[in-house]
Amino acid sequence: MPQRPASPTLVVIYGDDTHQKSTALIAALNKLLPPGVDRSLALTEYDGARDPDEGGPALPVVLEDLGTLPFLVDRRVVLIRDADAFISAHRERLEQYIAKPAPTGTLVLECRSFPRTTRLAKAALAAGGQLTECRKLVGRAAVDFVLAQAGAQGLRIEPEAADRKGGV
């Protein structure tokens, strides 16, 4: 039986395009927790914009969640949305975690900024982490995106219409 590729220890989805981040997050979660997996047993979500006293992520709790053995699933996933403040506050400890991660846990961070020049980003890449940048599309890339989305829906839009800057 072929061995399933190891899941990444860290997945970071970052950038200023909320649509692309949402799409990338759905794809990452579907890959980590395929259909048929009971996500209530495998996924813990935190709102990084909230303080730990208000249900936001506290580093010890996040690390405990990641280290908890999964029940009836292959892995546990901890998702922190809007994780910029969490990353800034715990960067050094996250670097230490990436060096010795929980074998059955994946930390998913959704944030606005994640510079690839940081030690954390370099450690994540060295450990097989997945970093996905989601920049707002401009110019021709935006037009191509609109055309591709229309085509995926079985619709056709004239390129000139896709290039309109707004208005009716």
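Which residues does isoleucine 80 touch, not counting residues up to four places away in sequence? Select isoleucine 80 in your viewer, keeping in mind that this is a predicted model, and look around its side chain. You should find Tyr46, Gly48, Pro57, Val62, Phe86, Leu107, Val108, Leu109 and Glu110 in contact with isoleucine 80. We will meet several of these names again along the way.

**Stop 1: the cores**

Next, select Val12, Val62, Ile80, Leu107, Leu109 and Phe114 together. These are the residues with the most contacts inside the largest nonpolar core, which has 25 residues. Now colour the elements that give two or more residues to this core: β1 (10-15), α3 (59-67), β3 (76-81), α4 (84-99), β4 (105-111) and α5 (119-126). The biggest contribution comes from α4, with 5 residues. There is also a second core, separate from this one, with 15 residues. To find it, select Leu33, Ala42, Val73 and Val77, which are among its members.

**Stop 2: the sheet**

Switch to a cartoon view and show the strands. Five of them make an open sheet with parallel pairing, in the order β2-β3-β4-β1-β5. At the edges you will see β2 and β5 (130-134), each pairing on one side only. Try looking along the strands: neighbours in this sheet are turned by 10° against each other on average, direction ignored.

Now zoom in on β2 and β3, which pair in the parallel sense over 5 bridges. Select threonine 44 and you will find valine 78 of β3 standing opposite.

Bring the helices back for a moment. Helix α3 lies across β2, β3 and β4, and runs at about 150° to β3. Helix α4 lies across β1, β3 and β4, and its angle to β4 is about 150°.

**Stop 3: the salt bridges**

The structure holds 4 salt bridges, and we will visit some of them. Begin with glutamate 110 and lysine 21, whose closest N and O atoms are 2.8 Å apart. This pair links distant parts of the chain: glutamate 110 belongs to strand β4 and lysine 21 to helix α1 (residues 18-32), with their positions 89 residues apart. Are the two partners buried or exposed? Turn on the surface to check: both glutamate 110 and lysine 21 are buried.

Move on to arginine 119 and glutamate 95, a salt bridge whose closest N and O atoms are 3.3 Å apart. Here helix α5, which holds arginine 119, is linked to helix α4, which holds glutamate 95, and the two residues are 24 residues apart. With the surface still on, notice the contrast in burial. Arginine 119 has a relative accessible area of 61% and is exposed, whereas glutamate 95, at 13%, is buried.

For one more pair, select arginine 135 and glutamate 133, whose side chains meet in a salt bridge at 2.8 Å, N to O. Arginine 135 is exposed, with a relative accessible area of 57%. Glutamate 133 is partly exposed, at 38%.

**Stop 4: a loop residue**

Where is alanine 58 placed? Select alanine 58 and you land in the loop between β2 (43-47) and α3. Its relative accessible area is 21%, so alanine 58 counts as partly exposed, since buried means under 20%. Leaving out residues up to four places away in sequence, alanine 58 touches Pro52 and Phe86. For a sense of scale, draw a distance from alanine 58 to leucine 131: their C-alpha atoms are separated by 22 Å, and the two residues are 73 residues apart along the chain.

**Stop 5: the later helices**

Select helix α6 (residues 140-152) and draw a distance between its end C-alpha atoms. At 1.5 Å a residue, its 13 residues should span 18 Å, and the end C-alpha atoms are indeed 18 Å apart. Following α6 you will come to glycine 154, whose phi is positive, near 80°.

Finish at glutamate 160, which sits in helix α7 (residues 159-162). Glutamate 160 counts as exposed, at 59% relative accessibility. As a last step, draw a distance from glutamate 160 to glutamine 130: the C-alpha atoms are separated by 36 Å, with the residues 30 residues apart along the chain.

Terms used: Residues are numbered from 1 along each chain as its sequence is written. This is a predicted model: local features need pLDDT of at least 70, side-chain atom pairs count only at pLDDT 80 or more; totals for chains, interfaces and linings use all residues. Side-chain values use heavy atoms; hydrogens and water are left out. A nonpolar core is a set of buried Ala, Val, Leu, Ile, Met, Phe, Trp, Tyr and Cys residues joined through side-chain atoms within 4.5 Å. Buried means under 20% relative accessible area, exposed over 50%, partly exposed in between (1.4 Å probe, protein chains only). Helices (H or I, at least four residues) and strands (E, at least two) are DSSP runs, numbered from the N terminus. Contact means heavy atoms within 4.5 Å. The expected span of a helix is 1.5 Å times one less than its number of residues. Two strands pair if DSSP finds at least two bridges between them. Axes are lines fitted to C-alpha atoms, for helices over the stretch in contact, and angles run from 0 to 180 degrees between N-to-C directions.
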